[in-house]
Amino acid sequence: MAKEGNIVFSASVSRRVVSVLLFVSSALGQNIVVFQPSLLTATGPAVTAYLLGNTSGVSLNLRTVSPSNTTGSIGSPSCAEEATRWVLTAEQIGKTALRVHLQLNQSLRLCAENDTNSDCCLKSLCVLETLQVSACVGSTPHASLLIRASIHARLFPANAGADNKTVIANQVYQPLGVCPCDLTFRVCDVRCCCDQDCSSDDLKLFASHCLPGPFGGQVSPAPDYQCSVQSSENAPDWFPFLCVNSPPENNPYLGFFYQGDTIASSPGPSFQTPVLSAPEPVSLYIQGSPIITKNGQYFTIPQMILGHCTNNAPAAFLKNFQVECVTLLSSCPNGSPFQTQPTDLSTEIMNGQGGVVVVNVTDVEVPDLSLFISESGAVDSTSEGLVCQNVTLALDYKFFWTGNSLTGVTLTHTAGSIISNGSVALTARYSAVFLNREFMPETKSGNPGYQVGKPVIAGVVGNNTEAIQKTSINVWKPVLDGLCSTAQMKPVLFGENSTSGCLLAASQQNLTECNLLREMVTSLQETLIAATYVAKNGNPDLSTMTDWVNISFVTLNSSAAVGDVSGACSGIPSHQHIQVWTLTTGLIDGVPQREIRALEVRYGLSAWTLNCGGGDVPSCENLEEPQLFPITSTVTFIDIPVNTGPPKSRFRINFTEYDCNRNDVCWPELAFPFTKYYTGEPYSQSLAKGMILVFMFITASILGTPWRQIRQAWHNAAL
């Protein structure tokens with residue numbers, strides 16, 4: 001049957017196509033034209049039809065017609081022109097077709113109350129009329145097209161031209177889609193009573209036919225068990241005995257709401273040089289904001305980034321730093337930052353309040369460059385040496401601030417002349433410090449817990465006072481040749497394990513006096529830690545001893561020094577190991593708060609012996625020829641695990657259907673409405689209702705069939 005139906009349908013379509021082609025061919029020969037379609041019903045402001053046949057010399061006329069009251073028929077077509085509210089246009093398509101288009105020349109906006117504008121619709125059915133389009137050759141009509149127009153007024157929002165922003169309600173109490181039936185932007189959707197684009201006049205048209213349910217805007221209807229929903233007429237039999245008094249915000253249609261955090265994706269590694277984006281205009285400085293110059297550029301100072309010195313690093317507001325950058329100079333530098341002009345340093349900086357502050361530069365000439373340069377050891381015999389004048393050795397900035405603005409900036413520019421026979425290693429120093437009204441703010445390592453990367457705070461008891469004076473715990477920081485005589489110290493940073501050291505020169509003469517050598521190494525190691533207390537947290541009180549912990553020093557075993565031989569010394573405290581035990585005590589705004597619970601300093605002993613093999617034979621023959629021995633210091637942070645309570649039993653692991661945190665049904669809380677944790681109604685009312693339920697249960701048990709059977713069995717047994 002399906003195949004037969006397809007054959008019949010194909011035959012019908014084929015016959016229609018053939019008939020149209022035959023009509024067009026005959027029309028070309030007989031000058032006949034016809035409208036396709038010849039009858040239309042218009043529900044919108046635009047109508048399109050086609051005039052087929054020999055359209056040469058054909059003119060189109062439009063008029064409004066009315067059916068006869070007696071017969072209901074339309075009069076004959078006429079070529080007389082008549083004024084209408086429609087615009088008639090024609091477009092030639094090929095030689096045998098003409099596209100006829102009608103457009104309503106009137107607004108479909110519904111007139112408001114007391115509206116004096118005539119270009120609007122007085123009632124909902126705006127256009128109801130019959131149009132006739134006649135195809136005329138001269139004054140004789142050859143074809144006609146009837147159009148029945150029935151067009152309703154369109155609903156436009158009152159604020160169609162406003163560019164306001166969408167206000168999203170609080171998602172804790174109201175979902176995002178507050179009006180799902182609002183489908184058209186800036187247009188009033190019919191029967192959508194929650195559409196904000198609908199005016200009061202629009203709502204009157206369909207106020208009694210609003211779309212129901214969540215699609216119509218009732219996204220959070222009150223549940224049936226609410227005491228405020230049921231009325232006395234349609235209340236069920238259990239109401240109000242088992243209804244619930246609950247705030248409207250506690251609605252099951254909203255589900256669970258989680259106050260989540262937005263985590264920005266971290267960019268992947270890139271081998272390209274990062275390009276700084278254009279700075280934004282500064283209104284007020286906040287901590288970490290880049291400092292901007294008057295011409296809208298970043299104010300840059302050489303800084304250490306990822307272990308390398310960067311000359312054009314932006315300076316950040318309220319971020320102190322102090323760095324050293326080592327550069328090998330084989331020729332005199334000719335660019336920034338080593339060669340600078342006074343005009344380059346006297347920069348105009350935005351103060352954060354629309355004004356400008358100028359950097360006040362103070363030049364300092366240093367004759368002795370021993371703290372800044374060291375010979376590299378490579379001497380070129382063909383080179384004439386280095387003679388570099390006015391080389392920048394240090395830039396020390398001081399930023400004075402109040403509130404969110406800068407009040408002044410000073411710069412100490414340290415320069416000197418480099419004269420050397422070969423290449424030199426230049427250690428340039430750069431620093432920036434922010435002072436609030438001439439005072440340096442007290443540095444903290446956290447508030448209250450330690451922050452990772454901040455210095456560990458140590459302390460000693462002051463002379464004739466009970467207050468503790470702050471100091472630091474240090475490790476070795478070798479520079480230049482790595483010798484302990486030139487080495488510096490750096491503070492221990494919280495949470496960062498480290499290993500460092502330096503080299504001590506000792507000759508055979510020193511190894512014959514082992515006690516003196518041990519005392520010298522011990523004194524070097526003790527200079528790293530001159531404190532007796534360590535702060536528990538990053539913001540300790542100097543007068544409260546409970547904020548401090550005693551540093552535990554493991555004493556050396558004096559018997560280890562026994563057995564010294566000629567040219568060798570044992571029991572040398574060459575290794576210092578610092579162990580720090582930390583504990584995470586909680587979270588503040590999502591930041592872990594860590595504190596120090598204990599700190600122990602332990603020394604490792606080693607034996608020093610001259611190495612007389614290989615090329616070190618002269619050091620064994622010459623009593624004054626030294627060899628280098630390592631002195632090391634290490635720091636290790638150990639996290640104390642938090643006690644999470646006793647382990648779960650096998651029953652709690654296997655039988656999880658009674659775990660209220662993992663199941664929707666919680667049998668242990670079956671009597672929850674009768675406990676003090678239920679806050680839906682006063683405790684006295686819930687207790688009274690619970691007693692009534694118990695009484696009814698006992699009454700039903702006594703009067704019911706089971707109790708009657710029990711009494712009957714008891715009576716039979718007694719007989």
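**Exercises on the pocket, the fold and the backbone**

The lining of the largest pocket receives at least two residues from each of strand E11 (321-329), strand E15 (386-402), strand E17 (424-436), strand E19 (468-472), strand E20 (474-477) and strand E21 (488-491). The model is predicted.

**Exercise 1. The largest pocket**

Determine how much space lies in the largest pocket, which residues are closest to its centre, and which strand gives the most to its lining.

Solution.

Step 1. The space in the largest pocket is about 2000 Å³. Its lining consists of 43 residues, and those closest to the centre are Asn320, Phe321, Thr443, Lys454 and Pro455.

Step 2. Of the strands, E17 gives the most to this lining, namely 6 residues.

Step 3. Sorted by character, the lining residues comprise 19 nonpolar, 13 polar and 11 charged.

Step 4. At the level of domains, at least three lining residues come from domain 2 (289-436), and at least three from domain 3 (454-557 + 565-609 + 624-639).

As background, rolling a probe the size of a water molecule over the atoms shows where empty space is left.

**Exercise 2. The chain as a whole**

State how many helices and strands the protein chain has, and what share of its residues is buried.

Solution.

Step 1. The protein chain contains 9 helices and 27 strands.

Step 2. It has 719 residues, of which 31% are buried; a residue counts as buried when its relative accessible area is under 20%.

Step 3. Among contacts with a separation of 6 or more, 62% are made by residues 24 or more positions apart.

Step 4. The accessible surface of the chain amounts to about 45500 Å², and carbon and sulfur atoms hold 56% of that surface.

**Exercise 3. The surroundings of Ser59**

Establish whether Ser59 is buried, partly exposed or exposed, and which residues it touches beyond four places away in sequence.

Solution.

Step 1. Ser59 belongs to strand E4 (residues 59-65).

Step 2. The relative accessible area of Ser59 is 32%. The partly exposed class lies between the 20% and 50% limits, so Ser59 is partly exposed.

Step 3. Leaving out residues up to four places away in sequence, Ser59 touches Ser134, Ala135 and Cys136.

Step 4. Ser59 and Ser134 are 75 residues apart along the chain, and their C-alpha atoms are separated by 8.1 Å.

**Exercise 4. Cis peptide bonds and positive phi**

Locate the loops that hold Pro37, Pro337, Arg186 and Arg191, and describe the backbone geometry at these positions.

Solution.

Step 1. Most residues other than glycine have a negative phi, and most peptide bonds are trans.

Step 2. The bond joining Gln36 and Pro37 is a cis peptide bond, with omega about -5°. Pro37 is located in the loop between strand E1 (33-36) and strand E2 (39-42).

Step 3. The peptide bond from Ser336 to Pro337 is also cis, with omega near 5°. Pro337 sits in the loop between E11 and helix H3 (342-345).

Step 4. Arg186 has a positive phi, near 60°. Its place is the loop between strand E8 (140-152) and helix H2 (200-206). Since its relative accessibility is 27%, Arg186 counts as partly exposed.

Step 5. Arg191 has a positive phi, near 70°, and lies in the loop between E8 and H2. With a relative accessibility of 36%, Arg191 counts as partly exposed.

How values were computed: Residues are numbered from 1 along each chain as its sequence is written. This is a predicted model: local features need pLDDT of at least 70, side-chain atom pairs count only at pLDDT 80 or more; totals for chains, interfaces and linings use all residues. Side-chain values use heavy atoms; hydrogens and water are left out. On a 1 Å grid over the protein atoms alone, a cavity is a set of points where a 1.4 Å probe fits but cannot get out, and a pocket is an open set with protein on both sides within 12 Å along at least five of seven lines; lining residues have an atom within 4 Å of a point. Grid points are joined across faces, edges and corners, and a volume is the space filled by probe spheres set on the points. Helices (H or I, at least four residues) and strands (E, at least two) are DSSP runs, numbered from the N terminus. Ala, Val, Leu, Ile, Met, Phe, Trp, Tyr, Cys and Pro count as nonpolar, Asp, Glu, Lys and Arg as charged, and the others, Gly among them, as polar. Domain bounds come from an automatic or database domain assignment. Buried means under 20% relative accessible area, exposed over 50%, partly exposed in between (1.4 Å probe, protein chains only). Contact means heavy atoms within 4.5 Å. Accessible areas come from the Shrake-Rupley method with a 1.4 Å probe; for residues, only the protein chains shown count as cover.
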